[in-house]
Amino acid sequence: MTTPVLEARDVTMRFGGLTAVRSVDFTVNSGEIVGLIGPNGAGKTTFFNCLTGLYVPTEGTVAYQGRVLPPKPHLVTQAGIARTFQNIRLFANMTVLENVLVGRHTRTKEGLWSALLRGPGFRKAEKESEAKAMELLEFVGLAAKRDHLARNLPYGEQRKLEIARALASEPGLLLLDEPTAGMNPQETRATEELVFAIRDKGVAVLVIEHDMRFIFNLCDRVAVLVQGEKLVEGTSEVVQADERVVAAYLGEPFEGDPGEAEAAEVEAAEAAAASESDTAAPSETGTAAASESDTATPSETESETAVAESTGDPEDTTDAESTGTTEGEAQ
Ligand SMILES: Nc1ncnc2c1ncn2[C@@H]1O[C@H](COP(=O)(O)OP(=O)(O)O)[C@@H](O)[C@H]1O
Ligand SMILES: [Mg+2]
């Protein structure tokens, strides 16, 4: 028997006159990988923000394992839902290991302040936390970089680190918002393997992606959001064959050669960076595409830009300074 891990009922989110999400019912069962797709501006990220308590839905409820969630990010994380962000959010000046340790604070008795102040009861917990964090870094393939600053990691590794940090809160459900945006094809394939491995650990996964090959390979079920409404939902085969879905994506390749898929990925990443970032300088919008290149060594400025991008995110309600302090909570 399948148990719903997540049950969203009749979720609507309005911003003034704009209805970004309209009466969406949505279920994720345990053991499932579910995809959420739809054109840019369809309301996917807004829906994620409703699920994780960043937004209080105008209408509707979200339940995790049968219990309705209070719309507060830290309570949602505590309940067992973790997420990553479309525009990477890391503590840029902390090390890789420290970023994961921050992700664990909801699961340690000592809490964040004790961790930061290194109180007396902290040492034992610290050892355990570090062992767990290292396990996660092994799992995502970043153990060797534990002492590197997050901002110096190439783009693809920053995305992996975000996943490790999300997993550190020991979630039962992981939400991934465009985890392969800006990745090259090899990195995308590795991410696919990583998501399967996460599911095999017993964590249900809900993933937003533009890369159709990625989605249809990966997902047990796919839902299509168009203009805030759920248009179609079903297995990859059913969704792929649905004419309304094809129409909604007119011009975007579904199958075809890797070259096309790759081009669509770059386009999607660029479009996302451009549309999500009000304040983006022209150089910033090129970041995802720049790190796409195999030969490009990720220069410091480039990685910094990737991190800095997060401050232009409309879902980011904080300024550049305070992002660092609220971020743990937003997880
Ligand atoms: N905080 C916000 N305030 C006002 N409008 C928003 C806000 N966040 C998103 N929107 C709008 O909601 C719609 C859906 O956006 P979004 O959820 O980011 O789409 P997607 O993730 O599918 O590309 C867009 O029209 C966007 O401009
Ligand atoms: Mg989005």
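**Close-up 1. Alanine 8 and its opposite number.** Alanine 8 stands opposite valine 62, a residue of strand β4. This is a predicted model, so keep that in mind for every view here. Strand β4 covers residues 59-64, and 5 bridges tie it to β1 in the antiparallel sense.

**Close-up 2. The hairpin of β1 and β2.** Strand β1, residues 4-15, also pairs with β2; these two run antiparallel and are joined by 8 bridges. Look for proline 4, whose bridge partner in β2 is asparagine 29. Just 2 residues sit between the strands of this hairpin, and here glycine 16 takes a positive phi near 55°.

**Close-up 3. The whole sheet.** Step back and you get an open sheet of 4 strands, ordered β2-β1-β4-β5, with antiparallel pairing. At the edges are β2 and β5 (67-68), each pairing on one side only. Strands of a sheet pair through backbone hydrogen bonds.

**Close-up 4. Around ligand 1.** Here 12 residues surround the ligand, and the closest are Phe15, Ala20, Lys44, Thr45 and Thr46. Both β2 (18-29) and α1 (44-51) supply at least two residues of this shell, with α1 giving the most at 3 residues. By type, the shell splits into 6 polar, 5 nonpolar and 1 charged.

**Close-up 5. Helix α6.** How far apart are the end C-alpha atoms of this helix, residues 155-167? They are 19 Å apart, which agrees with the 18 Å that its 13 residues should span at 1.5 Å a residue. As for its surroundings, 13 of the 13 residues of α6 are buried, so the helix is largely enclosed by the rest of the structure.

How values were computed. Residues numbered from 1 in each chain as written. Chains lettered and ligands numbered in written order. Predicted model: local features only at pLDDT ≥ 70, side-chain atom pairs only at ≥ 80, totals over all residues. Expected span 1.5 Å × (residues − 1). Buried ≥ 20, exposed ≤ 12 C-beta atoms within 10 Å, placed from the backbone. Near = placed C-beta within 6 Å. Nonpolar A, V, L, I, M, F, W, Y, C, P; charged D, E, K, R; others polar. Pairing = 2+ DSSP bridges.
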